[in-house]
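Biologist: Please take one helix as the starting point and go through it closely, then follow the contacts outward from there. Plain statements will do.

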Amino acid sequence: MRLVQRQSPSPLHYATAFLGSLATVILIVFALTGDLAVTARALATVDAGYLFRVFVVIGVVSLSGVVSYRAGLWNIGQEGQAIVGALAAISADNAAGAVMSAALAAAGWTLIPVALRVALGVNEAVTTFLMSLAAVSAARYFVEGPLKDPAKKGFIATVEAPYMEPVLAAVLLAGVLAGVVLLYRTRVGLTMRLLSSGEEVVRYAGKQPKLYIAATLGLSGILAGIGGAVEIMTRDAGRYMTLQQVSTGFGLYGISAAWLGGLHPLGATAASLYIAWLYQVAVNLKVAGLPALVANALVGTAMAWGLAGYVMYKYKVVWR
Amino acid sequence: MEPLLSAVGIRKVFPGVVALDGVSFDVRRGEVHGLLGENGAGKSTLIAILYGVYMPDGGEIYINGRRTLIKSPRHAAGLGISVISQHFALVDTLTVEENLKLSGIDVETAVKIGRELGVEIPLDKYVGELAVGEKQRVEIVKALARNSEILLMDEPTALLSPKEVKALLSIVRRLAEMGKAVVFVTHKIREAVEAADRITVLRRGRRVGTYERPFDEGVLLEAMFQGVVQRRVSKSSSIGDVIYRAEDLSGERVRRATVEVRRGELVAVLGVAGNGQEELMALLSGFKKPRGGRLIINGEDVTGRPFSEFLRRGVAYLPEDRGRALAKELSVLDNFKIRCIQDCMEKLAKAKEVLDIDFPSPFTRAAALSGGNQQKLLLARELWLVKPYVLVASYPTRGLDVDTAERFYALVKSAVKGGAVVSMEDVEEAVERADRIYVISRGEIAASFTPPFDVDEIAEAMTT
Amino acid sequence: MAVDQVASITLEALRSATPMLLATLGAVVGQRAGVLNLGLEGVVYLSAAVAAAVGPPWGFVAAVIVGTLYNLLYYVLSNDFALNQILLGFAFTMVGYGVGSQVARDVVGRPIEKPMVYGVETFAVAVVAAVAVYFFFLRSRVGLAIKASGDDPASLDLMGVDVYNIRRVAGLVEGVFASAAGAYLVLLYYGSWSEQLVMGWGSLAVITAMISLWSPLLAIAASLVPSFFISLAYVLQRLLQVSPHLLNLVPYVASIAVLATVQVAMRKTRLKALAPRWLARPYIREERT
C-alpha cells in the first residue's frame, strides 16, 4: 500500500470523508444502544433551536482551527481558550462587553504558548494541548472562588453570564466568517497562509515570521475564546459554570469541523452544522443513559475522517 | 546474452509532468550501461522506479527474465539491487559502523572489501562529518558487501571534484569486470563515453535510442538535444563601476570572503559542492546575517539589515532550494503575489506568455507544476516582474533543461539593471557565461579570474 | 515535621513516578521514531478504564492488550495513511475519553482492592525497563532503525529498511509502556476509577519525553518532575489553605516551565542534535524533496 500524489487535488473526497464519518457514527450508535429503534430515535431526534445554537458556537470555534491550521500552526488548545472566554463572559455585564473581554482574556491566555513558541521555539501543539487541561483546573478555582455566586444555595456555581440571542450570535458568526474570508484576500492573510510553507518563505517575502506566527495564533485563540463566550451566553438557562461542568468539548468540535470542511472558512462553517448534529445525537444518547464523554468519541471519529479527507484530497491510495 | 534487468514501456506521471513515457531499458551482467540525458529527461525517475521508490503508472520490469513487481526499496534490496544516488542511503546522525549495521552488513566484510578497493572506512565517524566523496565510497562498499548484482548509480559524479571523478570512473569499470550490472546515470557525454559499454539517451521522458561502442559524441549530443540548442555566447560589452561589494564576509562556513560586482557584470562563484557556496549566496543576498564583514551597495553599508531592506534596495535572491522561495501548497497566483502588488492576474498572464510557463490556471497549486515550470515561475516573479538591481542566484540552472537555462541567462541580461552573482558547479558554464569568476574552496575565496579564462587553471583552483 | 513532609513527598513522588516513567519511556520510543503522539493521553486513559472495568489481576493484561492495539491503530493511520500526527493524536485522545468512560461507567467510584505497594519497588522495575530501553537504542538494530526513522526516514527507506514497519514496532513498544502505565494508575496507584482521575498523565508524558531529551536514562530523572509536583500539590493541599484546583495547575505549569528551560539550554548548546529531526512530519515515500 502506498500514497501517490494526485494529478490535481480532488475536493470530492471530502464528501467521501463525510460519508465515512456518517457510516461510522451510525455504527457506533448502534453498537452502543444495540437496538435499531433506539438508534433511529437517537439519530433522528433534533431540537432545531438547540441545534442552531450549537452550530453557531461550533462555527466560530471552527474558524479558530482554520486560521491556525491554514498557517501550518498547531493550536489545539481551543477547549482551554473557550473556557477562558466563557469565564470572561461570566464576569461581564452585557453581551457586547462579554465578547470583548472574552477576546481579550483568550488572547492573554494564548499569549503563553505564543511567547514560548516565538521566543524559545517550544512546540505550540504540546503547550496548547496541556494548557487545555490546565484550564479546567483554573476554571474550577474561579467557580469556587472569585466568580462564585453566593446567592445560589445548595450548590457551587458561578454567577450568570449575560444572555445573547442565538440570532445575534449567528450574526456574529457571519461577521467572523466574512472577516476571515476577507482577511485571506489581503496581504496580511496571504502572509499568514505563507507560514504553512515554512518561516523561511515568509522571511523571503520580506516579512517577519515571528510577528505573523504570534498574530495568527493569537487570532486563533481569540476566536476560540469568543466561541466559548457565545456558548455560555446563548444557553436558554443555566448560564453559569459548575465544578463538574467546566469543559464543554466545543474545542474538539470546532477543530473537527475545520478539518471536515477542508480548512476552508465556508467549508468549515458547513461542516459545523454536521458536527452540531453529532452533538445532538450525543445528547440524545446521554438522555438514554450513556456517559457524556461519548460525544467526544463520535466527534473524534468525525475528526479522524476529516484528516483522512485531507489525505485523500491530495493522494490516492494504491493497494499493491 | 540475457539481460539481468530489463524494463519495458515504463510510464510515470507526476502532477504537471509526464516524467517517463513508455521507456524501455535493460542492463546485462558485466556491463556498464550509461543513461544519458539532460536535466528533466527522466533518468532519476527511472532509477527510483527500478529501486521501488516510485510505483510506475505503466510498464513491466523483468529480473533474470522473470516479471517482478518492485514494491519498496526494501524489496529491491532483497532482489540484489543497490542504488547510489545524490541522496545517500546514510543517516547523518549515526556513525558509519551503525549505518552498516542498520543496512544489515557485516562490518568486517565491509572493511575487507574497502581494503580491496583501496578505500578506508572511517567506522567511528558520524556520517554527517564525512565529505561527499567519502560518503559515496561508503555507499559503494555497502553495495558490494551486500553482494548486489545490480548497481544503479544516479549522477554519481555530480558532487565530486575532477580528481575524484577520475577515481570513481575507474571503480565503475572495476565493478563491471567483477560481473556486476551497472547503470550509470549522467548528463555529461564525456563521462558516459568514458565509462559505458552501451549508452541509452533519454529526452523529455522518452527514449531516443541505445548506442553501442564506438560512440560518436556528435550523435549523442544530437540525441540529447535534437538540435534545438544553439548556445549563445554573449558577454557584457561595457562594464562599469563597483556597485556591490562584500568585504571579509564570514558565516558558519564562509570565511572572510570578498566579492565585487560591477555594473553590467555577471560574476560566477564556482566550486565543488559543499564548499560553502550556498551559505555565501545567502549571505550576499542579505537573507542570512553574517557573523563578520561588511556588505556595501552603491557605497552604502547595509550589513546586518533585515532582508526586507535588501529587497527594497533591489536585491533579488534565488536560493538553491526552491522551497524557500515558493509556497508549494499555495496557488500560482498567491505565489506571484508575494512580490506583485497590483494587477497581478494580468501580469501573471503576461509572464506566462513571455516565459512560456505551463500551468492550467492561476489557481493551480504550485506543487502541481513540474520543477522546470516552478523555476520559471520564480524567474518570472523575481526577475521579470521585479527587475532587480543586483541578482544573487544560487545554482539557478541546476536541474533545468538547456532551453530553460538559456532563458535564465537571457532574462538576466534583459531584467537585471545592475549586476549579478551566480553560483555554479560547472567550469564550462562559468567560462562561457561569466565576466569574472571567483573560486570558492572550504568556505574561502581561493582565487579569482578575469578573461581570458584558462579552464585547467580554474579546475585546479577548485580542487586545492 | 519538615523531615516528615520531605519523606512523605518523596515517597509519594516515587509512587506516582512509576506510571510517569513508563508512559515517558513509551513517548521516548515513539518520538525517537519521529512520531509526536498526542494520542498517548487517550491510550493511557483507555487502558486505565479497561483495567478498572476488568479488575485485578486480569485487568492488567486486558489493559495492555487493548491499549497497545489502540496505539497501533494510531500509528497505522498516522504513518501508513499519513493522517496529520498532531491532530489525529488529539482525536485519539478524545475518542479514548469517550470510549473509556463508557467502558468503565459501571465501576465509577467503586474501590479496587490494590496490593500493598510502597512505590519504591515498582519504580525500581521501571528503572530497569528504562535501562533496557537505553541498551535497546544503543545496541540493537531495531533500536538504531527507530532512531534513524526519526532523524532521516528517507535515507532509512533507501537503505532497504521499511520505515512504516519500524514505526509500527515503535508504536507497539510505546503502546505497551503507555497502557502499562494506565493499568498501574488504576490498579496500584489510585485504587479506584472516575472519569476525571487519570486525565493528563499521558499528555505530561509527552512533555516529559521532550524534557528528557529523548534519552531513556534522563527520563528516569525527568519523570520525577511532574510526579514531584503532583505529589507536592497533593501534600500541600493538606497543609495550606490554597484552593486544590490551583494546586492542580502546578504540575502543568512546572512541566511547561522545565520544558522551556530545557529548550533554551538545547538551543544554546550541542544538545540540539539530540532532537529527532523529522518529529511530527509525515514520511511519504513518493514525495521526494
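Modeller: Helices (H or I, at least four residues) and strands (E, at least two) are DSSP runs, numbered from the N terminus. The model is predicted: local features need pLDDT of at least 70 and side-chain atom pairs pLDDT 80 or more, while totals for chains, interfaces and linings use all residues. Residues are numbered from 1 along each chain as its sequence is written, and chains are lettered from A and ligands numbered from 1 in the order written.

The starting point is helix H9 of chain A, where Glu199(A) is found. Glu199(A) counts as partly exposed because it has 16 C-beta neighbours inside 10 Å (20 or more would be buried, 12 or fewer exposed, with C-beta atoms placed from the backbone). Thr16(A) is 183 residues from Glu199(A) along the chain, and their C-alpha atoms are separated by 33 Å.

H9(A) also takes part in the interface with chain B. There, 19 residues of chain A are in contact with 19 residues of chain B (C-beta atoms, placed from the backbone, within 7 Å). On the side of chain A that touches chain B, at least two residues each come from strand S1 (2–5), helix H8 (187–194) and helix H9 (199–204) of chain A. H9(A) gives the most to this side, four residues. By class, the side has eight nonpolar, six polar and five charged residues (Ala, Val, Leu, Ile, Met, Phe, Trp, Tyr, Cys and Pro are nonpolar, Asp, Glu, Lys and Arg charged, the others, Gly among them, polar).

Chain A meets chain C as well, with 42 residues of chain A in contact with 42 residues of chain C. Two or more residues of the side of chain A that touches chain C come from each of S1, helix H5 (95–120), helix H6 (124–144), helix H11 (250–260) and helix H13 (294–314) of chain A. That side has 31 nonpolar, eight polar and three charged residues.

Chain C has a helix H9 too, at residues 201–211, and its axis lies 9 Å from that of helix H12 (residues 244–268) of chain C, at an angle of about 25 degrees (axes are lines fitted to C-alpha atoms, for helices over the stretch in contact; angles run from 0 to 180 degrees between N-to-C directions). H9(C) is therefore roughly parallel to H12(C) (under 35 degrees; over 145 is roughly antiparallel, 65 to 115 roughly perpendicular, the rest oblique). From H9(C), Leu204(C), Ile207(C), Met210(C) and Ile211(C) meet Pro251(C), Ser255(C), Val258(C), Leu259(C) and Val262(C) of H12(C). Eight residues of this contact are nonpolar, one is polar and none is charged.

Another pair in chain C is helix H2 (residues 40–54) and H8(C), whose axes come within 7 Å and cross at roughly 50 degrees. H2(C) and H8(C) are therefore oblique to each other. Their contact includes Leu40(C), Val44(C) and Ala48(C) from H2(C), and Ala178(C), Ala181(C) and Leu185(C) from H8(C). It has 13 nonpolar, four polar and no charged residues. Ala23(C) touches residues including Leu40(C), Val44(C), Ala178(C), Ala181(C) and Ala205(C), leaving aside residues up to four places away in sequence.

In chain B, helix H9 (residues 277–285) is largely enclosed by the rest of the structure, because eight of its nine residues are buried. Among the buried ones are Gln277(B), Glu279(B), Leu280(B) and Met281(B). Gly286(B) follows H9(B) and has a positive phi, near 85 degrees.

Technical notes
Two residues are in contact if their C-beta atoms, placed from the backbone, lie within 7 Å.
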